[in-house]
Every structure is written in C-alpha cells, then in structure tokens.
Amino acid sequence: MMQLPALSTTTINRVIEMAWEDRTPFDAIESQFGLSEKQVIALMRREMKPSSFRLWRKRVSGRKTKHQKLRSFAEGRFRSQKQKG
C-alpha cells in the first residue's frame, strides 16, 4: 500500500472535501498539501467506506475538472465576495 505522510484530522478532512469538489483539481491538492493524485486516492480509500470510495472514484474518473491539463476554462472557481483572498 502507498505510504502517506502523517496528516492531522483537520488536514485529512480538508483533503477529502477538496477531492469531492468537482472544480478542485488534484494539482491544487498537491500544491496545498503535497499529496499526489495517487496519494489522494490512497487516502480516500483508507478514510472512506468502500461504497463511498467506489462512488467517488466513479465520479472523478475521467472528469476534466479534476485535472488541470484537461480543463478548458481559465477561471475554475467562483469566489463569493464574502470569501477572503
């Protein structure tokens, strides 16, 4: 099994949240947390129930928005005026 770095519960929860978001590419997760796509998949497999993991894999497999190179749009995310940054 793939070796994952030690992550806090808060970090794991945020990675899972980002992995479920349609418009958050794996590249963003890697730049923020240092986890490759394969490591994110391993984390999701470890942290989720098997049925939830299968549902997630089916959802993201081949999804263009999850891979920066396949995206056809420049601005990938709506940012509310209430959001910081």
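# Four helices and how they pack

The axes of helix 1 and helix 3 approach to within 10 Å and cross at roughly 110°. That angle makes helix 1 roughly perpendicular to helix 3. On the helix 1 side, the residues that meet helix 3 are Ile12, Val15, Ile16, Ala19 and Trp20; on the helix 3 side, they are Val40, Leu43, Met44, Arg46 and Glu47. Of the residues in this contact of helix 1 with helix 3, eight are nonpolar, none is polar and two are charged. The model in which this crossing is seen is a predicted one.

The wider setting is as follows. The protein has four helices and zero strands, and from the N terminus its elements run α-α-α-α. Of its 85 residues, 29% are buried. The accessible surface of the protein is about 6300 Å², and carbon and sulfur atoms account for 50% of this surface. If contacts are counted between residues at least 6 apart in sequence, 62% of them join residues at least 24 apart.

One residue at the contact of helix 1 with helix 3 can be followed individually. Glu47 lies in helix 3 and, at 37% relative accessibility, counts as partly exposed. Leaving out residues up to four places away in sequence, Glu47 touches Ile12 and Ile16. Glu47 and Ile12 are 35 residues apart along the chain, and their C-alpha atoms are separated by 8.5 Å.

Helix 3 also packs against helix 4. Two packed helices are described by the angle between their axes and the distance between the axes. For helix 3 and helix 4, the axes come within 8 Å and cross at roughly 150°. Angles over 145 degrees count as roughly antiparallel, and helix 3 and helix 4 are therefore roughly antiparallel to each other. Helix 3 contributes Val40, Ile41, Met44 and Arg45 to the contact, and helix 4 contributes Phe53, Trp56 and Arg57. The residues of this contact of helix 3 with helix 4 comprise five nonpolar, no polar and two charged.

Val40 and Met44 appear in the contact of helix 3 with helix 1 and also in the contact of helix 3 with helix 4. Both are buried, as are Gln39, Ile41, Ala42 and Leu43 in helix 3. The cover over the buried residues of helix 3 includes helix 1, helix 2 and helix 4.

Helix 4 spans residues 50-60, and its buried residues are Phe53, Trp56 and Val60. Viewed down the axis of helix 4, these buried residues fall within an arc of 65°, so they line one face of the helix. An α-helix has 3.6 residues a turn, so residues three or four places apart point the same way. The face of helix 4 turned away from the buried side carries Pro50, Arg54, Leu55 and Lys58, which are exposed. Among what covers the buried residues of helix 4 are helix 1 (9-20), helix 2 (26-33) and helix 3 (37-47).

Trp56 belongs to the buried set of helix 4, and its relative accessible area is 0%. Not counting residues up to four places away in sequence, Trp56 touches Ala19, Trp20, Phe26, Val40, Ile41, Met44 and Met48. Ala19 and Trp20 are among the helix 1 residues that meet helix 3. Trp56 and Ile41 are 15 residues apart in sequence, with 9.6 Å between their C-alpha atoms.

Arg57, also in helix 4, has a relative accessibility of 26% and counts as partly exposed. Arg57 and Arg45 both take part in the contact of helix 3 with helix 4. The C-alpha atoms of Arg57 and Arg45 are separated by 9.4 Å, and the two residues lie 12 residues apart along the chain. After helix 4 comes Gly62, with a positive phi near 80°.

The last stop is a loop residue. Thr24 sits in the loop between helix 1 and helix 2 and is buried, with a relative accessible area of 8%. With neighbours within four places in sequence left aside, Thr24 is in contact with Met18, Ile29, Thr65 and Lys66. Thr24 and Lys66 are separated by 42 residues in sequence, yet their C-alpha atoms are 6.0 Å apart in space.

Terms used. Residues are numbered from 1 along each chain as its sequence is written. This is a predicted model: local features need pLDDT of at least 70, side-chain atom pairs count only at pLDDT 80 or more; totals for chains, interfaces and linings use all residues. Side-chain values use heavy atoms; hydrogens and water are left out. Buried means under 20% relative accessible area, exposed over 50%, partly exposed in between (1.4 Å probe, protein chains only). Helices (H or I, at least four residues) and strands (E, at least two) are DSSP runs, numbered from the N terminus. The arc is that of the directions from the helix axis to the C-beta atoms. Contact means heavy atoms within 4.5 Å. Axes are lines fitted to C-alpha atoms, for helices over the stretch in contact, and angles run from 0 to 180 degrees between N-to-C directions. Angles under 35 degrees count as roughly parallel, over 145 as roughly antiparallel, 65 to 115 as roughly perpendicular and the rest as oblique. Ala, Val, Leu, Ile, Met, Phe, Trp, Tyr, Cys and Pro count as nonpolar, Asp, Glu, Lys and Arg as charged, and the others, Gly among them, as polar. Accessible areas come from the Shrake-Rupley method with a 1.4 Å probe; for residues, only the protein chains shown count as cover.
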